[in-house]
Amino acid sequence: MKIPLFLHLLGVVIWVGGMFFAYMVLRPTAAQLLEPPLRLKLWHGVFSRFFPWVFLSVGLILASGLYMVMQMGGFMAVRLYIHLMFALGLVMILIFIYVFFSTFKKLNYHITREEWSSAGIVLGQIRLLIGINLILGMVTITVAVLGGST
């Protein structure tokens with residue numbers, strides 16, 4: 001089960017690590033150095049490159065996670081912490097899908113029309129949702145490590 005676990009962890013590192021970098025490093029630096037139009041264009045470019053990786057990560061995490069659960073006898077056979085990881089992961093995926101198919105499309109729309117104020121409002125919504133997902137990701141990692149050690 002080393003390859004599925006590797007793929008699972010790789011997906012988590014890309015997704016949660018990418019959110020951490022964007023939220024804790026890139027965001028404050030961009031806010032400090034760039035005027036709103038340039039900052040909004042930067043974020044559009046960042047999301048355009050990062051979100052395909054998130055889709056790939058979600059696929060890896062789901063496929064490898066479900067495979068490992070089935071190898072352990074299915075959801076009826078696994079411990080509570082695995083159910084909790086799965087539930088948290090599903091919430092994270094739903095938030096990402098909403099960000100990608102709703103708020104990111106709105107951001108594209110407003111940036112294309114150079115409606116900087118509206119684009120800024122949408123970016124704030126995306127920032128909030130990514131912040132929530134980052135917290136959920138950290139909680140999921142904590143559940144995975146501490147739940148599996150008991």
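A helix here is a run of at least four residues that DSSP labels H or I, and a strand is a run of at least two labelled E, both numbered from the N terminus. With that in mind, look at the model above, which is predicted. The protein has 4 helices and 0 strands. If you read along the sequence, the pattern is α-α-α-α.

Let's start with the overall outline. The C-alpha trace spans about 55 × 25 × 25 Å along its principal axes. Of the 150 residues in the protein, 37% are buried. Next, consider which parts of the chain meet. Among contacts with a separation of 6 or more, 77% are between residues 24 or more positions apart.

Now we can place some record entries on the chain. An unreviewed UniProt entry gives the feature "transmembrane region" at residues 5-26, 46-68, 80-101 and 121-146. What does the chain look like over two of these stretches? Over residues 80-101 it is 100% helix and 0% strand, with the end C-alpha atoms 32 Å apart. Residues 121-146 are also 100% helix and 0% strand, and there the end C-alpha atoms are 38 Å apart. UniProt also lists, again in an unreviewed entry, "domain: Copper resistance protein D" at residues 46-145. Over that range the chain is 89% helix and 0% strand, and its end C-alpha atoms are 30 Å apart.

Let's move to the inside. The largest nonpolar core holds 37 residues, and the ones touching the most other members are Trp 15, Met 19, Phe 47, Phe 51 and Leu 107. Which elements build this core? Two or more residues come from each of α1, α2, α3 and α4. The largest share, 11 residues, is supplied by α3.

Met 19 is a good residue to click on. Setting aside neighbours within four places in sequence, Met 19 is in contact with Phe 50, Met 92, Ile 130, Asn 133 and Leu 134. Another residue to find is Ser 57, which lies in helix α2. Is Ser 57 buried or exposed? Its relative accessibility is 1%, so Ser 57 counts as buried; the cut-off for buried is under 20%. Not counting residues up to four places away in sequence, Ser 57 touches Gly 11, Ile 14 and Trp 15. Trp 15, you may recall, is one of the core residues that touch the most other members.

Next come the empty spaces. Rolling a probe the size of a water molecule over the atoms shows where empty space is left. A search of the whole structure turns up 2 cavities of 30 Å³ or more.

The largest cavity contains about 90 Å³ of space. Its lining is made of Ala 22, Tyr 23, Arg 27, Trp 43, Phe 47, Leu 123, Arg 127 and Ile 130. At least two of these lining residues come from each of α1 (2-33), α2 (36-71) and α4 (116-148). By type, the lining has 6 nonpolar, no polar and 2 charged residues.

The second largest cavity has a volume of about 70 Å³. Around it sit Trp 15, Met 19, Phe 50, Phe 51, Val 54, Ile 95, Phe 96, Val 99, Leu 129, Ile 130 and Asn 133. Here α1, α2, α3 (80-112) and α4 each supply at least two residues of the lining. What types of residue make up this lining? There are 10 nonpolar, 1 polar and no charged residues.

The structure also has pockets, which are open. The largest pocket has a volume of about 700 Å³. Its lining includes 29 residues, with His 8, Val 12, Met 68, Met 85 and Ala 144 lying nearest the centre. Each of α1, α2, α3 and α4 gives two or more residues to this lining, and α3 gives the largest share, 8 residues. The lining divides into 23 nonpolar, 6 polar and no charged residues.

We finish at a loop. Where is Glu 114? Glu 114 is in the loop between α3 and α4. Its phi is near 55°, a positive value in a residue other than glycine. Why does Glu 114 count as exposed? Its relative accessibility is 51%, and exposed means over 50%.

Technical notes. Residues are numbered from 1 along each chain as its sequence is written. This is a predicted model: local features need pLDDT of at least 70, side-chain atom pairs count only at pLDDT 80 or more; totals for chains, interfaces and linings use all residues. Side-chain values use heavy atoms; hydrogens and water are left out. UniProt positions are given in the numbering used here, feature names are shortened, and annotations may be inferred rather than shown by experiment. On a 1 Å grid over the protein atoms alone, a cavity is a set of points where a 1.4 Å probe fits but cannot get out, and a pocket is an open set with protein on both sides within 12 Å along at least five of seven lines; lining residues have an atom within 4 Å of a point. Grid points are joined across faces, edges and corners, and a volume is the space filled by probe spheres set on the points. Ala, Val, Leu, Ile, Met, Phe, Trp, Tyr, Cys and Pro count as nonpolar, Asp, Glu, Lys and Arg as charged, and the others, Gly among them, as polar. A nonpolar core is a set of buried Ala, Val, Leu, Ile, Met, Phe, Trp, Tyr and Cys residues joined through side-chain atoms within 4.5 Å. Buried means under 20% relative accessible area, exposed over 50%, partly exposed in between (1.4 Å probe, protein chains only). Contact means heavy atoms within 4.5 Å.
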